[in-house]
Amino acid sequence: MDSGQAWLAIGPNGGGKADFLKALNGQLKILPNEDGLYSNLFEGSVEIVSLEKAAALIQEERANDESEFIEGGVDHGRSARVFFMEAILGKKIKRDSKSGVYNLPPEANRLETYPQVKLCGVEKILDRGLKYMSTGEIRRTLLCRALLSGKKLLILSDPFAGLDAQSRKILLDFFDSVAKRQLSENAGQDFPRIILGMERFHEIPDAINKVVEFSEGKVSFCGERSDYEKLLADKKSAAQKSRDADLEAFKSQLNSANKESSVLQNDSSAAGSDALIEMKDVNVGWGQNKVLVNLNWTLRKNEHWLIRGPNGSGKTTFLELITGDNMQVFSNDIKIFGARRGSGETIWDIKKKLGIVSYRLHVEYRMVGASLLAAIISGFKDSIGLYEQATDVEIAAAKKWLELGGFKGRENESFNSLSYGEQRAILILRAAVKAPQILILDEPCHGLDESFRQKILDLLELVAQSGTTTLLHVTHDPTEALAAEKHILEFHPGESPMYKIIEL
């Protein structure tokens, strides 16, 4: 990386890109061969923003929860304000052990005026606990902290994942402004350099002029952006020619996997009413913060829904009312599978009919860890990890699903050893194995490379066509909307009404 260059690091999930970026960040050691060379002017002054770091941060906050020792019984953990001041001061901030209140310096009250805070649009969530933020909010918070850290090199790994259209535009404009400055031979040393890491060649800032691609642990391309774009065009053309054949082969694999696991899957034919979920005048909020207001919505069998709206608009809260991860479900009129929540059913009665892929689940699975085989089998048991001996039928079925996802022969690998994108693919397979009545997908394609992404979208489309599973799909990327999703629930925070239903 020389002056006058703006680099993109790219490559398929598990290909080596993530390890390369971690090594630049000091998380792994770089060892040159005998005749090799490694030098880095930024060593010790690198900050990385990634999906992995976001998940690790939430994992840390939950591990440090001390609600049982805090007055009032609720430990909100570090807020964005505390998190930012720790970056500025370069040290942890102490808090009162009884009240849980952090001892912030006076400068913390001026954070709203910082240009980095305004640029990332986090002024309104400065006092929200990190573990209560939406996926998009935690990503913007990490970016802001990186900018406040004063580090000389920023590594932005898949920074647009989970961001709404407005946030993506802000970030693209920011990157271009910084990158154009670093392209100048006279760029000031006080301005950070940036390396961008992406899972796929999508929404690449104009300022990028160099690309390094990693595949199978090696550099598979290194050179000019224009040459890489030609290479991608050739690959896309070749893939398009084999698309129909590949899709037929994938359908055959899915049928084989479903046949192998049929005795373990849910039987939705005996289900009663067509109404799977009913919400009447639902309101959710904390203090003065109203998230959902007078929401009326019904989910019926085989009505596949696309859920969309800006970051922080209530999409994740809406899904958590269904999965049982938000306790305000009990103070609202919400029926799931015909029974009102709180009328005697257990959370396990509900979850055995649900398949779930979410940021929260991903964080929880990273905390437990498991083999890939155990992770898939846990989908039949609705558990985070596997805590009983698997049967021969479960093992055979899980191996078929791993093969379907491209993980054949890797069943004994650890979930935590995979790249973030590979982990997400495993969780999607885990959610689909039991043919749930409802499959809940909160940004399922986070961190997936082009090949994995297409395979997962094909899988979801085929699941929707099966007639046994109804999809609820949250995404900010319009290219990920499925043909089967003819119903749209769109959130509009601050407006009245705060949602809109669209039928295609």
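**Note on the predicted model: a buried glutamate, salt bridges, cores and one helix**

1. The side chains of Glu199 and Asn13 are joined by a polar contact of 3.1 Å. A further polar contact, of 3.4 Å, runs from the side chain of Glu199 to that of Lys17. The model is a predicted one, and these distances should be read with that in mind.

2. Glu199 sits in the loop that connects β4 (193-198) with β5 (210-215). Its relative accessible area is 13%, so Glu199 counts as buried, the limit being under 20%. Beyond its neighbours within four places in sequence, Glu199 touches Ile10, Gly11, Asn13, Lys17, Asp158, Gly447, Leu448, Asp449 and Glu450. The contact list thus includes both side-chain polar partners, Asn13 and Lys17.

3. Over the whole structure, 35 salt bridges are found. Side chains of opposite charge can pair when their charged atoms come close. Three pairs are taken up in the next points.

4. Arg225 and Glu229 form a salt bridge, with 3.0 Å between the closest N and O atoms. Both residues belong to helix α7 (residues 225-241) and are four residues apart, about one turn of the helix. An α-helix has 3.6 residues a turn, so residues three or four places apart point the same way. The burial of the two partners is as follows: Arg225 is buried at a relative accessible area of 14%, while Glu229 is partly exposed at 33%.

5. Arg308 pairs with Glu490 in a salt bridge whose closest N and O atoms are 2.6 Å apart. This pair ties together distant parts of the chain, with Arg308 in strand β9 (residues 305-308) and Glu490 in strand β15 (residues 487-491), 182 residues apart. Arg308 is partly exposed, with 30% relative accessibility; Glu490 is buried, with a relative accessible area of 14%.

6. Salt bridges with shared partners connect Glu60, Glu61, Arg78, Glu86 and Lys92 into one network. Within this network, the side chains of Arg78 and Glu86 meet at 2.8 Å, N to O. Arg78 and Glu86 are both buried.

7. In soluble globular proteins, nonpolar side chains tend to be buried together. Here the largest nonpolar core has 56 residues, and Leu8, Phe84, Ile138 and Tyr359 have the most contacts inside it. Helix α5 (residues 135-148) supplies the largest share of this core, seven residues. Leaving aside neighbours within four places in sequence, Ile138 contacts Ala54, Leu57, Ile58, Leu130, Met133 and Tyr359. Another core, of 46 residues, lies apart from the largest one; among its members are Ala398, Ile456, Leu471 and Ala484.

8. Ala398 also appears among the buried residues of helix α13, along with Glu394, Ala397, Trp401, Leu402 and Leu404. Seen down the helix axis, the buried residues of α13 fall within an arc of 150 degrees, so they line one face of the helix. They pack against α8 (243-260), α12 (372-381), α14 (420-432) and α15 (450-465).

9. The geometry of α13 (residues 392-404) is close to expectation: its 13 residues reach 19 Å from the first C-alpha to the last, against 18 Å expected at 1.5 Å a residue. The helix is followed by Gly406, which has a positive phi, near 90 degrees.

Definitions and conventions
Residues numbered from 1 in each chain as written. Predicted model: local features only at pLDDT ≥ 70, side-chain atom pairs only at ≥ 80, totals over all residues. Heavy atoms only, no water. Helix = DSSP H or I, 4+ residues; strand = E, 2+ residues; numbered from the N terminus. Expected span 1.5 Å × (residues − 1). Buried < 20%, exposed > 50% of the residue type's maximum accessible area, 1.4 Å probe, protein only. Arc of directions from axis to C-beta. Contact = heavy atoms within 4.5 Å. Polar contact = N/O pair within 3.5 Å; in protein donor to acceptor, adjacent residues only side chain to side chain. Salt bridge = Lys/Arg side-chain N within 4 Å of Asp/Glu carboxyl O. Core = buried A, V, L, I, M, F, W, Y, C linked by side-chain atoms within 4.5 Å.
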